[in-house]
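Subject: Structure handover

Hi,

As promised, here is the structure we talked about. Please open it alongside this message, and my notes follow right below.

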Amino acid sequence: MSFDVDVTRRVGETQVSARFSGSGLIVLFGPSGAGKTSVLNMVAGLLTPERGHVRIGAETLFDAAAINVPPERRRLGYVFQDSRLFPHLRVRENLRYGHRLARSEDRWMDYDDTVRLLDIAHLLDRWPKGLSGGEARRVAIGRALLSGPRALLLDEPLSFLDRARREEVLHVIERIRDTLKLPILYVTHDEREVERLATQIIEVG
Ligand SMILES: Nc1ncnc2c1ncn2[C@@H]1O[C@H](COP(=O)(O)OP(=O)(O)OP(=O)(O)O)[C@@H](O)[C@H]1O
């Protein structure tokens with residue numbers, strides 16, 4: 001499965017555009033304010049492009065002429081820069097939210113495996129507001145994986161993580177890229193992450 005994206009839109013004073021296609025892990029790279037998050041939002045359906053298209057595999061999610069699939073039907077696992085866990089749900093329920101919505105044939109991560117992989121078993125009864133930045137990030141990644149996505153959108157997923165945890169999450173992302181072969185759109189400023197992960201680098205701005 002691969003991305004085929006060509007989007008353009010004015011956001012505030014900035015003309016944001018990006019064009020790329022391919023599979024693997026595509027890094028969106030560029031200075032702060034260039035529009036990387038806006039590109040993720042256009043792929044996710046949270047921001048409507050003025051022109052262009054968004055296709056993943058054989059499915060068209062957006063085509064300026066006629067098609068605009070709503071975000072909740074795009075089956076994309078989005079890990080936001082600020083995690084955005086549901087504040088009224090404990091960690092366990094945040095994780096189960098996406099898992100319950102996913103059709104059983106779309107689920108490729110098991111709940112217990114996800115909890116183990118991200119080392120969040122001790123957090124399951126906690127409320128999001130009591131989590132550190134790194135803990136919240138791991139829960140957000142788990143929630144995205146459990147929703148059975150056809151692609152992942154990761155906005156600086158390793159920020160707030162300490163070195164040991166970064167290494168573990170990097171392994172998870174590599175596994176998703178190489179074993180599950182899920183296309184990943186990845187925003188980062190960190191050149192080490194780019195070197196290690198990128199199949200393709202797209203300059204934004
Ligand atoms: N709601 C908004 N109204 C007006 N301008 C906005 C809005 N959202 C974003 N912008 C502007 O659009 C531009 C692109 O923002 P965006 O968040 O996509 O950039 P980015 O490359 O992801 O930045 P960063 O790396 O700092 O997260 C920025 O100049 C930003 O100030």
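Around the ligand sit V11, G12, T14, V16, G30, S32, G33, A34, G35, K36, T37 and S38. By character, this shell divides into three nonpolar residues, eight polar ones and one charged one. Which elements supply at least two residues each to the shell? They are β2 and α1, and α1 gives the largest share, with three residues. Please keep in mind as you read that this is a predicted model.

Helix α1 is a good place to go next. The helix spans residues 36-44 and lies across β1, β2 and β4, running at about 120° to β1. Is α1 mostly covered or mostly open? Mostly covered: eight of its nine residues are buried. Those buried residues are K36, T37, S38, V39, L40, N41, M42 and V43. K36, T37 and S38 also belong to the shell around the ligand. The buried residues of α1 pack against β1, β2, β3, β4, β8 and β9. Right after the helix comes G45, with a positive phi near 90°.

Now to the sheets. One of them is an open sheet of five strands with antiparallel pairing, in the order β2-β1-β4-β5-β6. At its edges are β2 (14-22) and β6 (67-68), each of which pairs on one side only. Strands β1 (residues 3-11) and β2 run antiparallel and are joined by nine bridges. As one example to look up, R9 has V16 as its bridge partner in β2. V16 is also one of the residues around the ligand.

Another open sheet of five strands is paired in the parallel sense, and its order is β7-β8-β9-β3-β10. Why is one side of β7 and of β10 left without a neighbour in this sheet? Both β7 (76-79) and β10 (200-203) stand at the edges and have a single partner strand each, so nothing in the sheet lies along their other side. On average, neighbouring strands here are turned by 15° against each other, with direction ignored.

Within that sheet, β3 deserves a closer look. Strand β3 (residues 25-29) pairs with β10 in the parallel sense over four bridges, and β3 also pairs with β9 in the parallel sense over four bridges. L28 shows both pairings: I202 in β10 stands opposite this residue, while in β9 the bridge partner of L28 is V187. How many residues of β3 are buried? Five of the five, so the strand is largely enclosed by the rest of the structure. In a regular strand, side chains alternate between the two faces of the sheet. In β3 both faces are covered, with L25, V27 and F29 buried on one side and I26 and L28 buried on the other.

A few spots in the loops are worth a visit too. The loop between β7 and α2 holds S83 and also R84. S83 has a positive phi of about 65° although it is not a glycine, and R84, not a glycine either, has a positive phi of about 50°. Are these two buried or partly exposed? S83 counts as buried because 22 C-beta neighbours fall inside 10 Å, whereas R84, with 14 such neighbours, counts as partly exposed.

The loop between α2 (91-101) and α3 (111-117) contains M109. This residue is buried, since 22 other C-beta atoms lie within 10 Å. Leaving aside residues up to four places away in sequence, M109 touches T114, L145 and L146. M109 and P149 are 40 residues apart along the chain, and their C-alpha atoms are separated by 9.9 Å.

Finally, a word on the record. An unreviewed UniProt entry carries the annotation "domain: ABC transporter" over residues 2-204. Over that stretch the chain is 32% helix and 26% strand, and the end C-alpha atoms are 19 Å apart.

Enjoy exploring, and do write back with any questions.

Best wishes

Terms used
Residues are numbered from 1 along each chain as its sequence is written. This is a predicted model: local features need pLDDT of at least 70, side-chain atom pairs count only at pLDDT 80 or more; totals for chains, interfaces and linings use all residues. Two strands pair if DSSP finds at least two bridges between them. Axes are lines fitted to C-alpha atoms, for helices over the stretch in contact, and angles run from 0 to 180 degrees between N-to-C directions. Two residues are in contact if their C-beta atoms, placed from the backbone, lie within 7 Å. A residue is buried if 20 or more other C-beta atoms lie within 10 Å of its own, exposed if 12 or fewer, and partly exposed in between; C-beta atoms are placed from the backbone. A residue is near a molecule or strand if its C-beta atom, placed from the backbone, lies within 6 Å of it. Ala, Val, Leu, Ile, Met, Phe, Trp, Tyr, Cys and Pro count as nonpolar, Asp, Glu, Lys and Arg as charged, and the others, Gly among them, as polar. UniProt positions are given in the numbering used here, feature names are shortened, and annotations may be inferred rather than shown by experiment.
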